[in-house]
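Q: Please pick one part of this model and give me a close look at it. Then work outward from there, and tell me how we know what you say along the way.

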Amino acid sequence: MSETFVVVGGDAAGMAAASKAKRDDPDLEIVVFEKGEWVSYGACGLPYYIKGEIQSLEDLVSVTPDAFREERDIDLRTGHEVVSVDPDERTVTAERVDGASTAGRDESAATAEHGDTVTQPYDHLLLATGAEATVPPIEGVGLEGVYTLGSMSDGKELREYVARAREEGELQQPDRGPACQFLEDCRGPVGVVGGGYIGVEMAEALAANDFEVHLFQRSDRLLPVFSEATSDEIATHLREQDVVVHLGSAVEALVAEDADGSGDDEVAAIVTADDRVSVDMALLGTGVRPRTALAEAAGIELGETGAIATDTYRETNVADVYAAGDCAEATHVVTGEPTYVPLALTANRHGRAIGQTVAGTPTEGGGVAGTAAIKAFEIEAARTGLIDHEEARAAGFDPVSKTITANSRAGYYPEGGEVTVTLTADRTTERVLGASLVSEYGEGAVHRSHAIVGAITEGTAVSNLENYDLAYAPPFNTTWDPILVAAKVLGGQL
Ligand code: FAD
(Lines give C-alpha, C1' and ligand atoms only; values in the text may rest on other atoms or scores of the structure.)
Protein backbone atom coordinates (compact mmCIF):
# COMPACT_ATOMS: atom_id res chain seq x y z
CA MET A 1 0.00 0.00 0.00
CA SER A 2 1.28 3.45 -0.81
CA GLU A 3 2.38 5.77 1.99
CA THR A 4 0.76 9.11 2.83
CA PHE A 5 2.70 12.36 3.16
CA VAL A 6 0.69 15.08 4.87
CA VAL A 7 1.76 18.72 4.63
CA VAL A 8 0.44 21.54 6.82
CA GLY A 9 0.80 24.90 5.06
CA GLY A 10 0.54 25.47 1.32
CA ASP A 11 3.17 28.05 0.53
CA ALA A 12 6.89 27.93 -0.20
CA ALA A 13 8.08 25.12 2.08
CA GLY A 14 4.90 23.07 1.94
CA MET A 15 4.33 23.11 -1.80
CA ALA A 16 8.04 22.62 -2.59
CA ALA A 17 7.97 19.48 -0.44
CA ALA A 18 4.70 18.19 -1.87
CA SER A 19 5.77 18.77 -5.48
CA LYS A 20 9.20 17.20 -5.08
CA ALA A 21 7.89 14.16 -3.20
CA LYS A 22 5.25 13.50 -5.86
CA ARG A 23 7.74 13.95 -8.68
CA ASP A 24 10.23 11.53 -7.10
CA ASP A 25 7.65 8.97 -5.97
CA PRO A 26 4.39 9.20 -7.91
CA ASP A 27 2.93 6.41 -5.75
CA LEU A 28 2.99 8.58 -2.64
CA GLU A 29 -0.39 9.91 -1.62
CA ILE A 30 0.08 13.57 -0.80
CA VAL A 31 -2.40 15.64 1.17
CA VAL A 32 -1.78 19.35 1.76
CA PHE A 33 -3.89 21.36 4.22
CA GLU A 34 -3.84 25.13 3.74
CA LYS A 35 -6.08 27.25 5.93
CA GLY A 36 -6.36 30.01 3.36
CA GLU A 37 -7.19 29.89 -0.33
CA TRP A 38 -3.86 31.14 -1.63
CA VAL A 39 -1.11 28.62 -2.21
CA SER A 40 2.40 28.89 -3.62
CA TYR A 41 2.32 32.68 -3.46
CA GLY A 42 5.19 35.13 -3.32
CA ALA A 43 4.62 37.33 -0.27
CA CYS A 44 7.99 38.89 -1.15
CA GLY A 45 6.24 40.70 -4.01
CA LEU A 46 3.58 42.33 -1.81
CA PRO A 47 5.39 45.68 -1.32
CA TYR A 48 5.63 46.01 -5.13
CA TYR A 49 1.96 45.10 -5.50
CA ILE A 50 1.04 47.79 -2.97
CA LYS A 51 3.33 50.22 -4.72
CA GLY A 52 1.46 49.55 -7.94
CA GLU A 53 4.23 47.92 -9.97
CA ILE A 54 2.39 44.59 -9.94
CA GLN A 55 -1.23 44.80 -10.93
CA SER A 56 -2.86 41.72 -9.50
CA LEU A 57 -2.41 39.49 -6.45
CA GLU A 58 -2.80 36.54 -8.83
CA ASP A 59 0.46 37.61 -10.48
CA LEU A 60 2.24 36.64 -7.24
CA VAL A 61 1.06 33.04 -7.48
CA SER A 62 3.54 30.67 -9.12
CA VAL A 63 1.34 27.55 -9.34
CA THR A 64 -2.44 27.65 -8.95
CA PRO A 65 -4.43 25.29 -6.71
CA ASP A 66 -6.01 23.71 -9.79
CA ALA A 67 -2.61 23.02 -11.32
CA PHE A 68 -1.46 21.31 -8.11
CA ARG A 69 -4.58 19.17 -8.09
CA GLU A 70 -4.95 18.37 -11.76
CA GLU A 71 -1.42 18.43 -13.13
CA ARG A 72 0.58 17.36 -10.09
CA ASP A 73 -1.94 14.94 -8.56
CA ILE A 74 -1.67 16.51 -5.10
CA ASP A 75 -4.71 16.35 -2.83
CA LEU A 76 -4.67 20.04 -1.93
CA ARG A 77 -7.31 21.06 0.58
CA THR A 78 -7.48 24.81 0.81
CA GLY A 79 -9.70 26.37 3.44
CA HIS A 80 -8.65 23.68 5.93
CA GLU A 81 -6.87 24.57 9.14
CA VAL A 82 -5.02 21.80 10.94
CA VAL A 83 -5.95 22.20 14.59
CA SER A 84 -4.05 19.27 16.13
CA VAL A 85 -1.44 16.63 15.48
CA ASP A 86 -1.46 13.26 17.26
CA PRO A 87 2.02 11.75 16.86
CA ASP A 88 1.02 8.52 18.66
CA GLU A 89 -1.89 7.83 16.35
CA ARG A 90 -0.04 9.44 13.41
CA THR A 91 -2.99 11.62 12.48
CA VAL A 92 -3.76 15.29 12.01
CA THR A 93 -7.16 16.87 12.55
CA ALA A 94 -8.25 19.66 10.27
CA GLU A 95 -11.28 21.93 10.33
CA ARG A 96 -12.82 23.46 7.28
CA VAL A 97 -12.56 27.22 7.44
CA ASP A 98 -15.71 28.65 5.92
CA GLY A 99 -15.33 32.09 4.51
CA ALA A 100 -11.64 31.71 3.81
CA SER A 101 -12.27 32.26 0.16
CA THR A 102 -14.36 35.38 0.55
CA ALA A 103 -12.59 38.09 2.47
CA GLY A 104 -9.03 38.24 1.32
CA ARG A 105 -8.83 34.50 0.78
CA ASP A 106 -6.24 33.75 3.45
CA GLU A 107 -8.25 35.13 6.32
CA SER A 108 -7.02 33.73 9.58
CA ALA A 109 -9.07 31.16 11.39
CA ALA A 110 -9.80 33.80 14.03
CA THR A 111 -12.11 35.64 11.67
CA ALA A 112 -13.56 32.70 9.76
CA GLU A 113 -16.14 30.17 10.79
CA HIS A 114 -15.08 26.60 11.33
CA GLY A 115 -17.05 23.80 9.73
CA ASP A 116 -16.46 20.09 9.17
CA THR A 117 -13.67 18.27 10.91
CA VAL A 118 -11.51 15.70 9.15
CA THR A 119 -8.95 13.33 10.64
CA GLN A 120 -6.17 12.41 8.28
CA PRO A 121 -3.63 9.63 8.94
CA TYR A 122 -0.01 10.16 7.87
CA ASP A 123 3.17 8.18 7.42
CA HIS A 124 5.25 11.34 7.04
CA LEU A 125 4.21 14.81 8.19
CA LEU A 126 5.62 18.25 7.36
CA LEU A 127 4.81 21.31 9.41
CA ALA A 128 5.26 24.29 7.10
CA THR A 129 3.08 26.73 8.99
CA GLY A 130 5.26 29.79 8.37
CA ALA A 131 5.47 32.90 10.50
CA GLU A 132 3.14 35.73 11.41
CA ALA A 133 3.74 39.44 11.70
CA THR A 134 4.37 40.51 15.27
CA VAL A 135 2.37 43.27 16.86
CA PRO A 136 4.29 45.27 19.50
CA PRO A 137 2.76 45.43 22.99
CA ILE A 138 1.89 49.11 22.83
CA GLU A 139 -1.31 51.08 23.14
CA GLY A 140 -3.41 51.63 20.05
CA VAL A 141 -2.41 48.72 17.82
CA GLY A 142 -6.08 47.76 17.50
CA LEU A 143 -7.16 51.12 16.09
CA GLU A 144 -8.58 51.39 12.62
CA GLY A 145 -6.00 52.37 10.09
CA VAL A 146 -3.28 50.23 11.71
CA TYR A 147 -1.95 47.52 9.39
CA THR A 148 0.57 44.70 9.30
CA LEU A 149 1.97 43.06 6.18
CA GLY A 150 2.33 39.33 6.68
CA SER A 151 -0.19 37.77 4.32
CA MET A 152 -1.87 38.16 0.97
CA SER A 153 -4.98 39.59 2.62
CA ASP A 154 -2.83 42.18 4.44
CA GLY A 155 -1.39 43.13 1.05
CA LYS A 156 -4.85 43.42 -0.43
CA GLU A 157 -6.02 45.69 2.40
CA LEU A 158 -3.00 47.95 2.08
CA ARG A 159 -3.39 48.22 -1.65
CA GLU A 160 -7.04 49.15 -1.12
CA TYR A 161 -5.98 51.79 1.42
CA VAL A 162 -3.57 53.30 -1.10
CA ALA A 163 -6.21 53.21 -3.85
CA ARG A 164 -8.80 54.85 -1.56
CA ALA A 165 -6.40 57.57 -0.54
CA ARG A 166 -5.52 58.20 -4.17
CA GLU A 167 -9.17 58.40 -5.17
CA GLU A 168 -10.44 60.42 -2.24
CA GLY A 169 -7.71 62.81 -1.46
CA GLU A 170 -6.58 65.55 -3.70
CA LEU A 171 -2.88 66.01 -3.23
CA GLN A 172 -2.43 68.56 -0.49
CA GLN A 173 -0.11 71.47 -0.49
CA PRO A 174 2.48 70.53 2.08
CA ASP A 175 2.17 72.30 5.36
CA ARG A 176 2.59 69.60 7.94
CA GLY A 177 5.90 67.86 8.07
CA PRO A 178 9.49 68.08 7.01
CA ALA A 179 8.97 65.46 4.30
CA CYS A 180 6.69 67.60 2.25
CA GLN A 181 8.98 70.56 2.29
CA PHE A 182 10.65 69.00 -0.74
CA LEU A 183 7.53 67.56 -2.32
CA GLU A 184 5.33 69.76 -4.39
CA ASP A 185 2.24 67.95 -3.14
CA CYS A 186 1.63 64.94 -0.96
CA ARG A 187 -1.03 62.83 0.72
CA GLY A 188 -1.04 61.30 4.18
CA PRO A 189 0.99 61.57 6.31
CA VAL A 190 1.48 57.86 7.07
CA GLY A 191 3.73 56.16 9.60
CA VAL A 192 5.79 53.01 9.21
CA VAL A 193 6.88 51.47 12.51
CA GLY A 194 10.08 49.44 12.17
CA GLY A 195 13.08 50.01 9.94
CA GLY A 196 13.69 46.43 8.83
CA TYR A 197 13.11 44.92 5.38
CA ILE A 198 9.35 45.41 5.30
CA GLY A 199 9.52 48.90 6.80
CA VAL A 200 12.05 50.10 4.25
CA GLU A 201 10.31 48.44 1.28
CA MET A 202 6.96 49.88 2.35
CA ALA A 203 8.43 53.35 2.85
CA GLU A 204 9.33 53.20 -0.84
CA ALA A 205 5.93 51.79 -1.85
CA LEU A 206 4.05 54.53 0.00
CA ALA A 207 6.34 57.40 -0.99
CA ALA A 208 6.00 56.33 -4.62
CA ASN A 209 2.27 56.96 -4.19
CA ASP A 210 3.00 60.50 -2.99
CA PHE A 211 2.42 59.87 0.69
CA GLU A 212 4.37 61.83 3.24
CA VAL A 213 6.08 58.88 4.96
CA HIS A 214 7.49 58.82 8.50
CA LEU A 215 9.66 55.79 9.24
CA PHE A 216 10.28 55.06 12.93
CA GLN A 217 13.20 52.90 14.00
CA ARG A 218 13.89 52.05 17.65
CA SER A 219 17.65 51.59 17.25
CA ASP A 220 19.96 54.25 15.92
CA ARG A 221 20.13 52.78 12.42
CA LEU A 222 17.92 51.15 9.83
CA LEU A 223 18.41 47.51 8.84
CA PRO A 224 20.66 46.65 11.79
CA VAL A 225 21.55 43.24 10.31
CA PHE A 226 23.51 45.05 7.59
CA SER A 227 26.77 46.94 8.18
CA GLU A 228 26.71 50.47 9.51
CA ALA A 229 27.97 51.74 6.15
CA THR A 230 25.01 50.10 4.39
CA SER A 231 22.49 51.32 6.96
CA ASP A 232 23.81 54.88 6.77
CA GLU A 233 23.70 54.94 2.99
CA ILE A 234 20.13 53.68 2.93
CA ALA A 235 18.99 56.18 5.59
CA THR A 236 20.62 59.03 3.65
CA HIS A 237 18.98 57.87 0.45
CA LEU A 238 15.53 57.55 2.04
CA ARG A 239 15.86 61.10 3.31
CA GLU A 240 16.83 62.25 -0.17
CA GLN A 241 13.60 60.66 -1.32
CA ASP A 242 11.65 62.76 1.22
CA VAL A 243 11.00 59.93 3.69
CA VAL A 244 11.25 61.31 7.23
CA VAL A 245 13.50 58.81 9.01
CA HIS A 246 13.15 58.88 12.81
CA LEU A 247 16.13 56.97 14.24
CA GLY A 248 16.42 56.09 17.94
CA SER A 249 12.65 56.59 18.09
CA ALA A 250 10.86 53.79 19.89
CA VAL A 251 7.13 54.13 19.25
CA GLU A 252 5.32 54.18 22.60
CA ALA A 253 1.71 54.40 21.44
CA LEU A 254 -0.63 54.84 18.53
CA VAL A 255 -3.41 57.23 19.46
CA ALA A 256 -6.76 58.19 18.03
CA GLU A 257 -6.90 61.70 19.40
CA ASP A 258 -5.84 64.50 17.18
CA ALA A 259 -3.63 67.17 18.65
CA ASP A 260 -6.79 69.10 19.55
CA GLY A 261 -8.12 66.19 21.65
CA SER A 262 -10.84 65.10 19.22
CA GLY A 263 -10.89 61.66 17.61
CA ASP A 264 -12.65 58.30 17.15
CA ASP A 265 -11.36 54.76 16.60
CA GLU A 266 -8.99 55.67 13.83
CA VAL A 267 -5.30 56.12 14.32
CA ALA A 268 -4.42 59.81 14.27
CA ALA A 269 -0.90 60.02 15.65
CA ILE A 270 2.23 58.06 16.48
CA VAL A 271 3.80 58.89 19.83
CA THR A 272 7.46 58.42 20.71
CA ALA A 273 9.32 59.52 23.86
CA ASP A 274 9.97 62.96 22.44
CA ASP A 275 7.67 63.35 19.46
CA ARG A 276 4.08 63.06 18.32
CA VAL A 277 3.52 62.76 14.58
CA SER A 278 0.07 63.04 13.00
CA VAL A 279 -0.74 60.13 10.70
CA ASP A 280 -3.72 58.89 8.68
CA MET A 281 -2.40 55.33 8.69
CA ALA A 282 0.22 53.26 10.52
CA LEU A 283 1.95 50.14 9.25
CA LEU A 284 3.61 47.87 11.81
CA GLY A 285 6.73 46.31 10.34
CA THR A 286 8.19 45.08 13.59
CA GLY A 287 9.22 41.57 12.63
CA VAL A 288 7.79 38.09 12.48
CA ARG A 289 7.34 35.21 14.89
CA PRO A 290 7.35 31.51 13.90
CA ARG A 291 3.92 29.83 14.01
CA THR A 292 4.64 27.03 16.44
CA ALA A 293 1.43 26.49 18.45
CA LEU A 294 0.46 23.35 16.54
CA ALA A 295 3.91 21.83 17.01
CA GLU A 296 4.12 22.74 20.69
CA ALA A 297 0.72 21.23 21.44
CA ALA A 298 1.91 17.99 19.81
CA GLY A 299 5.03 17.82 21.99
CA ILE A 300 7.39 18.87 19.23
CA GLU A 301 10.41 20.68 20.61
CA LEU A 302 11.29 24.26 19.91
CA GLY A 303 14.88 25.47 19.84
CA GLU A 304 16.40 28.40 21.70
CA THR A 305 15.39 30.77 18.93
CA GLY A 306 11.71 29.94 19.57
CA ALA A 307 11.29 28.21 16.20
CA ILE A 308 10.84 24.45 15.71
CA ALA A 309 14.10 22.55 16.29
CA THR A 310 15.14 20.05 13.61
CA ASP A 311 18.11 17.89 12.70
CA THR A 312 20.00 18.41 9.45
CA TYR A 313 17.29 16.50 7.57
CA ARG A 314 14.70 18.91 9.04
CA GLU A 315 13.21 16.12 11.13
CA THR A 316 11.87 17.19 14.52
CA ASN A 317 12.28 15.30 17.79
CA VAL A 318 9.20 13.28 16.76
CA ALA A 319 9.95 10.56 14.23
CA ASP A 320 8.69 11.20 10.68
CA VAL A 321 7.53 14.72 11.56
CA TYR A 322 9.49 17.38 9.68
CA ALA A 323 9.44 21.18 9.90
CA ALA A 324 10.68 23.71 7.36
CA GLY A 325 10.50 27.33 6.33
CA ASP A 326 9.55 30.27 8.50
CA CYS A 327 8.32 28.08 11.38
CA ALA A 328 11.64 26.24 11.80
CA GLU A 329 15.25 26.73 12.75
CA ALA A 330 18.14 26.10 10.38
CA THR A 331 21.87 25.65 10.92
CA HIS A 332 24.13 28.65 10.37
CA VAL A 333 26.94 27.82 7.96
CA VAL A 334 29.47 29.94 9.85
CA THR A 335 28.65 29.19 13.48
CA GLY A 336 27.29 25.66 12.97
CA GLU A 337 24.60 26.61 15.50
CA PRO A 338 20.82 26.69 15.11
CA THR A 339 19.54 30.03 13.88
CA TYR A 340 16.25 31.56 12.80
CA VAL A 341 16.36 33.39 9.46
CA PRO A 342 12.88 33.28 7.91
CA LEU A 343 13.49 33.79 4.20
CA ALA A 344 12.05 32.38 1.00
CA LEU A 345 14.95 30.39 -0.44
CA THR A 346 15.46 28.47 2.79
CA ALA A 347 11.75 27.57 2.84
CA ASN A 348 11.88 26.35 -0.77
CA ARG A 349 15.19 24.53 -0.37
CA HIS A 350 14.35 22.77 2.87
CA GLY A 351 10.86 21.92 1.65
CA ARG A 352 12.32 20.38 -1.48
CA ALA A 353 14.89 18.39 0.54
CA ILE A 354 12.14 16.99 2.76
CA GLY A 355 10.14 15.98 -0.32
CA GLN A 356 13.18 14.11 -1.59
CA THR A 357 13.75 12.45 1.79
CA VAL A 358 10.14 11.34 2.10
CA ALA A 359 10.31 9.95 -1.44
CA GLY A 360 13.21 7.71 -0.40
CA THR A 361 16.43 9.72 -0.87
CA PRO A 362 17.54 11.26 2.44
CA THR A 363 18.57 14.85 1.65
CA GLU A 364 19.82 17.49 4.04
CA GLY A 365 19.03 20.74 2.25
CA GLY A 366 22.01 22.62 3.69
CA GLY A 367 22.57 25.45 6.12
CA VAL A 368 21.86 29.15 5.92
CA ALA A 369 24.20 32.12 5.87
CA GLY A 370 21.59 34.76 6.64
CA THR A 371 21.95 36.05 3.11
CA ALA A 372 19.43 38.75 2.26
CA ALA A 373 18.91 41.53 -0.24
CA ILE A 374 16.90 44.72 -0.31
CA LYS A 375 16.01 47.49 -2.72
CA ALA A 376 15.28 50.95 -1.33
CA PHE A 377 14.29 53.38 -4.09
CA GLU A 378 17.46 53.64 -6.20
CA ILE A 379 19.72 51.70 -3.84
CA GLU A 380 20.34 47.96 -3.56
CA ALA A 381 22.05 46.14 -0.72
CA ALA A 382 22.92 42.62 0.35
CA ARG A 383 24.29 41.01 3.49
CA THR A 384 25.55 37.56 4.33
CA GLY A 385 27.16 35.72 7.23
CA LEU A 386 28.38 37.32 10.45
CA ILE A 387 28.94 41.07 10.33
CA ASP A 388 28.12 42.13 13.84
CA HIS A 389 31.25 41.84 15.99
CA GLU A 390 29.38 40.99 19.16
CA GLU A 391 27.60 38.14 17.41
CA ALA A 392 30.89 36.93 15.90
CA ARG A 393 32.64 37.03 19.27
CA ALA A 394 29.75 35.11 20.85
CA ALA A 395 30.36 32.41 18.22
CA GLY A 396 34.03 32.20 19.24
CA PHE A 397 35.61 34.35 16.52
CA ASP A 398 37.93 37.34 16.78
CA PRO A 399 36.31 39.57 14.15
CA VAL A 400 37.94 42.29 12.13
CA SER A 401 36.16 44.33 9.42
CA LYS A 402 37.15 46.71 6.67
CA THR A 403 34.90 48.92 4.58
CA ILE A 404 35.94 50.05 1.11
CA THR A 405 34.22 52.02 -1.64
CA ALA A 406 35.19 51.35 -5.26
CA ASN A 407 33.87 51.97 -8.76
CA SER A 408 31.15 49.61 -9.91
CA ARG A 409 32.37 49.74 -13.56
CA ALA A 410 35.57 50.77 -15.31
CA GLY A 411 36.15 54.47 -14.69
CA TYR A 412 36.15 55.26 -18.41
CA TYR A 413 32.92 53.37 -19.07
CA PRO A 414 29.76 55.55 -19.30
CA GLU A 415 27.47 55.65 -16.29
CA GLY A 416 28.36 53.40 -13.39
CA GLY A 417 28.62 54.31 -9.76
CA GLU A 418 30.16 53.02 -6.57
CA VAL A 419 29.91 49.89 -4.48
CA THR A 420 30.63 49.96 -0.77
CA VAL A 421 31.72 46.64 0.71
CA THR A 422 32.17 45.82 4.38
CA LEU A 423 34.04 42.54 4.73
CA THR A 424 34.47 40.73 8.05
CA ALA A 425 36.93 37.96 8.84
CA ASP A 426 38.33 36.08 11.81
CA ARG A 427 41.72 37.49 12.82
CA THR A 428 43.11 34.13 13.92
CA THR A 429 42.12 31.87 11.03
CA GLU A 430 41.55 34.64 8.46
CA ARG A 431 38.28 32.90 7.56
CA VAL A 432 35.78 35.16 5.79
CA LEU A 433 32.82 35.51 8.17
CA GLY A 434 30.45 37.87 6.41
CA ALA A 435 29.84 40.94 4.30
CA SER A 436 27.48 43.78 3.62
CA LEU A 437 27.38 45.51 0.24
CA VAL A 438 25.52 48.55 -1.03
CA SER A 439 25.38 50.30 -4.41
CA GLU A 440 23.04 52.25 -6.64
CA TYR A 441 20.28 50.00 -7.97
CA GLY A 442 21.68 48.10 -10.95
CA GLU A 443 25.33 48.58 -9.95
CA GLY A 444 25.65 45.06 -8.60
CA ALA A 445 25.86 45.02 -4.80
CA VAL A 446 23.45 42.10 -4.64
CA HIS A 447 24.96 39.95 -7.39
CA ARG A 448 28.44 40.58 -6.05
CA SER A 449 27.42 39.18 -2.67
CA HIS A 450 27.04 35.72 -4.20
CA ALA A 451 30.79 35.18 -4.45
CA ILE A 452 31.12 36.02 -0.77
CA VAL A 453 28.31 33.61 0.12
CA GLY A 454 30.42 30.93 -1.60
CA ALA A 455 33.49 31.97 0.37
CA ILE A 456 31.83 31.93 3.77
CA THR A 457 29.96 28.70 3.07
CA GLU A 458 33.18 26.93 2.12
CA GLY A 459 35.11 28.44 5.05
CA THR A 460 37.49 30.28 2.71
CA ALA A 461 40.34 32.47 4.03
CA VAL A 462 40.54 36.13 2.96
CA SER A 463 43.75 35.42 1.04
CA ASN A 464 41.88 32.88 -1.11
CA LEU A 465 38.94 35.21 -1.73
CA GLU A 466 41.47 37.79 -2.88
CA ASN A 467 42.53 35.35 -5.59
CA TYR A 468 39.06 34.39 -6.83
CA ASP A 469 39.02 34.42 -10.62
CA LEU A 470 36.02 36.71 -11.04
CA ALA A 471 34.69 37.76 -14.42
CA TYR A 472 35.73 41.20 -15.63
CA ALA A 473 34.67 43.50 -18.46
CA PRO A 474 34.37 47.33 -18.32
CA PRO A 475 30.53 47.50 -18.35
CA PHE A 476 30.34 45.27 -15.25
CA ASN A 477 33.24 46.09 -12.98
CA THR A 478 36.85 47.11 -12.68
CA THR A 479 39.66 44.61 -13.26
CA TRP A 480 39.83 44.21 -9.51
CA ASP A 481 36.17 43.89 -8.62
CA PRO A 482 35.17 45.76 -5.43
CA ILE A 483 34.95 42.51 -3.49
CA LEU A 484 38.54 41.65 -4.46
CA VAL A 485 39.57 45.14 -3.38
CA ALA A 486 37.83 44.59 -0.05
CA ALA A 487 39.60 41.23 0.36
CA LYS A 488 42.98 42.82 -0.45
CA VAL A 489 42.47 45.64 2.05
CA LEU A 490 41.22 43.32 4.79
CA GLY A 491 44.01 40.84 3.97
CA GLY A 492 46.52 43.68 4.38
CA GLN A 493 45.10 44.47 7.80
CA LEU A 494 45.30 40.81 8.85
P1 FAD B 1 4.49 30.96 4.69
O2 FAD B 1 4.75 31.62 3.42
O3 FAD B 1 4.18 31.81 5.87
O4 FAD B 1 3.31 29.92 4.50
C5 FAD B 1 2.76 29.21 5.56
C6 FAD B 1 1.36 28.79 5.17
O7 FAD B 1 0.86 27.92 6.18
C8 FAD B 1 0.38 29.96 5.08
O9 FAD B 1 -0.21 29.97 3.81
C10 FAD B 1 -0.63 29.69 6.20
O11 FAD B 1 -1.93 30.10 5.85
C12 FAD B 1 -0.53 28.19 6.35
N13 FAD B 1 -0.88 27.69 7.68
C14 FAD B 1 -0.39 28.11 8.86
N15 FAD B 1 -0.91 27.38 9.86
C16 FAD B 1 -1.75 26.48 9.29
C17 FAD B 1 -2.57 25.45 9.82
N18 FAD B 1 -2.62 25.19 11.13
N19 FAD B 1 -3.31 24.71 8.95
C20 FAD B 1 -3.24 24.96 7.61
N21 FAD B 1 -2.49 25.93 7.07
C22 FAD B 1 -1.73 26.67 7.90
N23 FAD B 1 11.85 36.48 1.83
C24 FAD B 1 12.94 36.64 1.04
O25 FAD B 1 13.78 35.73 0.98
N26 FAD B 1 13.12 37.77 0.29
C27 FAD B 1 12.22 38.79 0.32
O28 FAD B 1 12.39 39.81 -0.37
C29 FAD B 1 11.07 38.67 1.15
N30 FAD B 1 10.16 39.65 1.21
C31 FAD B 1 9.05 39.48 1.97
C32 FAD B 1 8.09 40.49 2.00
C33 FAD B 1 6.94 40.34 2.75
C34 FAD B 1 5.94 41.46 2.77
C35 FAD B 1 6.73 39.16 3.50
C36 FAD B 1 5.48 38.98 4.32
C37 FAD B 1 7.67 38.14 3.49
C38 FAD B 1 8.83 38.30 2.72
N39 FAD B 1 9.80 37.30 2.68
C40 FAD B 1 10.92 37.46 1.90
C41 FAD B 1 9.67 36.06 3.48
C42 FAD B 1 9.12 34.90 2.65
O43 FAD B 1 7.88 35.29 2.12
C44 FAD B 1 8.98 33.69 3.56
O45 FAD B 1 10.27 33.33 4.00
C46 FAD B 1 8.33 32.49 2.89
O47 FAD B 1 7.05 32.79 2.43
C48 FAD B 1 8.22 31.36 3.91
O49 FAD B 1 7.49 30.31 3.36
P50 FAD B 1 6.80 29.24 4.32
O51 FAD B 1 6.19 28.23 3.43
O52 FAD B 1 7.75 28.78 5.36
O53 FAD B 1 5.70 30.05 5.15
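A: Let's start with helix 5, whose buried residues are Gly-199, Val-200, Glu-201, Met-202, Ala-203, Glu-204, Ala-205, Leu-206 and Ala-207. Keep in mind that this is a predicted model. Helix 5 is mostly covered, with nine of its eleven residues buried. The cut-off for calling a residue buried is under 20% relative accessible area.

Ala-203 makes a good first stop in helix 5. Its relative accessibility is 0%, so Ala-203 counts as buried. Go 41 residues away in sequence and you can pair Ala-203 with Val-244, the two C-alpha atoms being 9.5 Å apart in space.

Next comes a charged residue of the helix, Glu-204, which is on the list of buried residues. With a relative accessible area of just 2%, Glu-204 falls under the 20% limit and is therefore buried. What is its partner? Glu-204 forms a salt bridge with Lys-51, and the closest N and O atoms are 2.6 Å apart. That fits well inside the rule, because a salt bridge asks for a side-chain nitrogen of Lys or Arg within 4 Å of a carboxyl oxygen of Asp or Glu. The pair links distant parts of the chain: Lys-51 sits in helix 2 (residues 46–51) and Glu-204 in helix 5 (residues 197–207), 153 residues apart. Lys-51 is buried as well, since its relative accessible area is 17%. Side chains of opposite charge can pair when their charged atoms come close.

Don't stop at those two residues, though. Lys-51, Glu-53, Glu-204 and Lys-375 are linked in a network of salt bridges. So helix 5 has a hand in that network through Glu-204, which also belongs to its buried set.

Now for some other bridges to set beside that one. The count for the model comes to 16 salt bridges. One of them sits within a single helix: Asp-24 pairs with Lys-20, the closest N and O atoms being 3.1 Å apart. Why do these two face each other along the chain? Asp-24 and Lys-20 are four residues apart in helix 1, so they are separated by about one helical turn. An α-helix has 3.6 residues a turn, so residues three or four places apart point the same way. As for cover, Asp-24 counts as partly exposed at 33% relative accessibility, while Lys-20 counts as buried at 10%.

Another bridge joins the side chains of Arg-90 and Asp-320, at 2.6 Å from N to O. Arg-90 lies in the loop between strand 4 and strand 5 (91–98), and Asp-320 in the loop between helix 7 (293–297) and strand 18 (321–323), so this pair ties together parts that are 230 residues apart in sequence. Both ends are partly exposed: Arg-90 has a relative accessible area of 29%, and Asp-320 has 21%.

Then there's the ligand. The shell around the ligand is made of 30 residues, the closest being Asp-11, Glu-34, Tyr-41, Asp-326 and Ala-344. A polar side-chain atom of Glu-34 lies 2.7 Å from a ligand oxygen. Lys-35 takes part with its backbone, where a polar atom is 3.0 Å from a ligand nitrogen. Ala-128 also uses a polar backbone atom, 3.5 Å from an oxygen of the ligand. On its own the ligand has 990 Å² of accessible area, and the protein covers 87% of that. Helix 1 (12–24), strand 2 (29–34), strand 4 (80–86) and helix 8 (344–358) are the elements that give two or more residues to the shell. Strand 4 has the largest share, three residues. By type, the shell residues divide into 18 nonpolar, six polar and six charged.

Two more spots round out the tour. Thr-134 lies in the loop between strand 8 (131–133) and strand 9 (146–148), and at 15% relative accessibility it counts as buried. A polar atom of the Thr-134 side chain is 3.1 Å from the backbone oxygen of Thr-286. On the surface, Tyr-412, Tyr-413 and Tyr-472 form a nonpolar patch with about 330 Å² of accessible area together. Of these, Tyr-472 is found in the loop between helix 11 (462–465) and helix 12 (482–493), and at 35% relative accessibility Tyr-472 counts as partly exposed.

Technical notes: Residues are numbered from 1 along each chain as its sequence is written. This is a predicted model: local features need pLDDT of at least 70, side-chain atom pairs count only at pLDDT 80 or more; totals for chains, interfaces and linings use all residues. Side-chain values use heavy atoms; hydrogens and water are left out. Patches are made of residues with over 30% relative accessible area and no salt bridge: like charges are joined within 9 Å, nonpolar side chains (Val, Leu, Ile, Met, Phe, Trp, Tyr) within 5 Å. Accessible areas come from the Shrake-Rupley method with a 1.4 Å probe; for residues, only the protein chains shown count as cover. Buried means under 20% relative accessible area, exposed over 50%, partly exposed in between (1.4 Å probe, protein chains only). A residue is near a molecule or strand if one of its heavy atoms lies within 4 Å of it. A polar contact is a pair of N or O atoms within 3.5 Å; within protein, one must be able to donate a hydrogen and the other to accept it, and residues adjacent in sequence count only if both atoms are side-chain atoms. Ala, Val, Leu, Ile, Met, Phe, Trp, Tyr, Cys and Pro count as nonpolar, Asp, Glu, Lys and Arg as charged, and the others, Gly among them, as polar.
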